[in-house]
Amino acid sequence: MSDKTDLAALLGSRICHDLISPIGAIGNGLELLMMETGSRGPEMALISESVAHANARIRFFRVAFGAAAGEARLGRAEVVSIISDMTKGGRLTIDWQSGADLSRSEVKIAFLLLMCLESAMAYGGKITVQVDGGRWQIGGEANKLRLDPGLWAVLADPTAAPEITPSNVHFPLAAEEITRRQFRLTAELGQTAIKLSF
């Protein structure tokens with residue numbers, strides 16, 4: 001096994017791969033049940049929404065936490081579909097602006113950074129993602145931001161050592177991935193806006 005093997009990413013890929021099929025099967029089974037019984041009450045609606053949300057998060061996590069080896073690519077339509085499904089009915093909107101074909105490893109970094117912005121924008125807001133000439137710009141705007149300076153410091157300095165919990169593990173993972181891909185992240189943190197680029 002190569003010492004450069006990213007075991008965390010392989011684990012993320014395995015978990016998402018194993019979960020996405022049964023979650024999809026639950027959704028299909030629910031549709032069949034509703035067709036047979038004609039039941040579309042609030043209980044069925046709640047189950048349906050929960051399955052759709054779980055499916056969207058798993059698809060998002062598969063990119064954010066999964067392996068992104070070599071020159072793998074992702075189409076814009078797939079990325080937009082994942083983002084749209086994940087934010088449907090939520091307080092956070094994401095405007096994804098990019099070309100048709102994207103590097104999976106770069107989308108992985110962008111998704112991890114979206115999770116960082118999501119942590120800061122717990123009360124909702126708008127995120128814009130732009131890709132121009134290989135340069136990524138991700139901006140978030142909200143009436144109120146919840147910033148943890150220690151966590152944001154990790155993005156600029158992977159040797160920083162804030163307390164890491166399951167709810168904020170995406171910060172050091174983003175920093176590791178940025179370093180692995182030899183990018184340089186710039187971050188501007190304001191009272192109502194965050195600007196990231198790499």
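In the predicted model, the largest cavity is lined by Phe 60, Met 86, Leu 92, Ile 94, Leu 114, Met 115 and Glu 118. Its volume is about 30 Å³, and the structure holds one cavity of 30 Å³ or more. By class, six of the lining residues are nonpolar and one is charged, with no polar residue present. Two elements, strand S2 (92-97) and helix H4, each supply at least two residues of this lining. The largest share, three residues, comes from H4.

Helix H4 spans residues 104-120 and has 17 residues. From its first C-alpha to its last the helix reaches 24 Å, close to the 24 Å expected at 1.5 Å a residue. Of these 17 residues, 15 are buried, so H4 is largely enclosed by the rest of the structure. Two residues of the helix, Ser 105 and Cys 116, illustrate its surroundings.

Ser 105 has a relative accessibility of 8% and therefore counts as buried, the limit being under 20%. Its side chain is joined to that of Ser 103 by a polar contact of 2.9 Å. When residues up to four places away in sequence are not counted, Ser 105 touches Ala 68 and Arg 181. Cys 116, also part of H4, has a relative accessibility of 0% and counts as buried. With neighbours within four places in sequence left aside, Cys 116 is in contact with Trp 152, Leu 155, His 170 and Phe 171. The C-alpha atoms of Cys 116 and Asn 168 lie 7.8 Å apart in space, although the two residues are separated by 52 residues in sequence.

The contacts of Cys 116 with His 170 and Phe 171 lead to helix H6 (residues 170-180), in which both of these residues are buried. The other buried residues of H6 are Pro 172, Ala 174, Ala 175, Glu 177 and Ile 178. The buried residues of this helix pack against H4 and H5. Just after H6, Gln 182 takes a positive phi of about 60°, a positive value in a residue other than glycine. Gln 182 is placed in the loop between H6 and strand S6 (186-189). With a relative accessibility of 74%, Gln 182 counts as exposed, since the limit for that class is over 50%.

The largest pocket contains about 750 Å³ of space. Of the 38 residues that line this pocket, the closest to its centre are His 53, Arg 57, Met 86, Thr 87 and Glu 118. Met 86 and Glu 118 also appear in the lining of the largest cavity. Five helices each supply at least two residues of the pocket lining, namely H1 (7-37), H2 (42-65), H3 (76-87), H4 and H5 (149-156). Helix H2 gives the most, with nine residues. The pocket lining comprises 15 nonpolar, 13 polar and ten charged residues, whereas the cavity lining has no polar residues.

Two further positions are partly exposed. Val 80, found in helix H3, has a relative accessible area of 28% and is partly exposed. Val 80 and Asp 95 are 15 residues apart in sequence, and their C-alpha atoms are 8.7 Å apart in space. Gln 137 belongs to strand S5 (residues 135-141). This residue is partly exposed, with a relative accessible area of 43%. Apart from neighbours within four places in sequence, Gln 137 is in contact with Thr 128, Val 129, Gln 130, Leu 196 and Ser 197. Gln 137 and Ala 120 are 17 residues apart in sequence and 17 Å apart in space, C-alpha to C-alpha.

Taken together, these results place H4 in several of the settings described. The helix is largely enclosed by the rest of the structure, provides three residues to the lining of the largest cavity, and is among the helices that each supply at least two residues to the lining of the largest pocket. H4 is also one of the elements against which the buried residues of H6 pack.

Note on methods:
Residues are numbered from 1 along each chain as its sequence is written. This is a predicted model: local features need pLDDT of at least 70, side-chain atom pairs count only at pLDDT 80 or more; totals for chains, interfaces and linings use all residues. Side-chain values use heavy atoms; hydrogens and water are left out. Helices (H or I, at least four residues) and strands (E, at least two) are DSSP runs, numbered from the N terminus. The expected span of a helix is 1.5 Å times one less than its number of residues. Buried means under 20% relative accessible area, exposed over 50%, partly exposed in between (1.4 Å probe, protein chains only). On a 1 Å grid over the protein atoms alone, a cavity is a set of points where a 1.4 Å probe fits but cannot get out, and a pocket is an open set with protein on both sides within 12 Å along at least five of seven lines; lining residues have an atom within 4 Å of a point. Grid points are joined across faces, edges and corners, and a volume is the space filled by probe spheres set on the points. Ala, Val, Leu, Ile, Met, Phe, Trp, Tyr, Cys and Pro count as nonpolar, Asp, Glu, Lys and Arg as charged, and the others, Gly among them, as polar. A polar contact is a pair of N or O atoms within 3.5 Å; within protein, one must be able to donate a hydrogen and the other to accept it, and residues adjacent in sequence count only if both atoms are side-chain atoms. Contact means heavy atoms within 4.5 Å.
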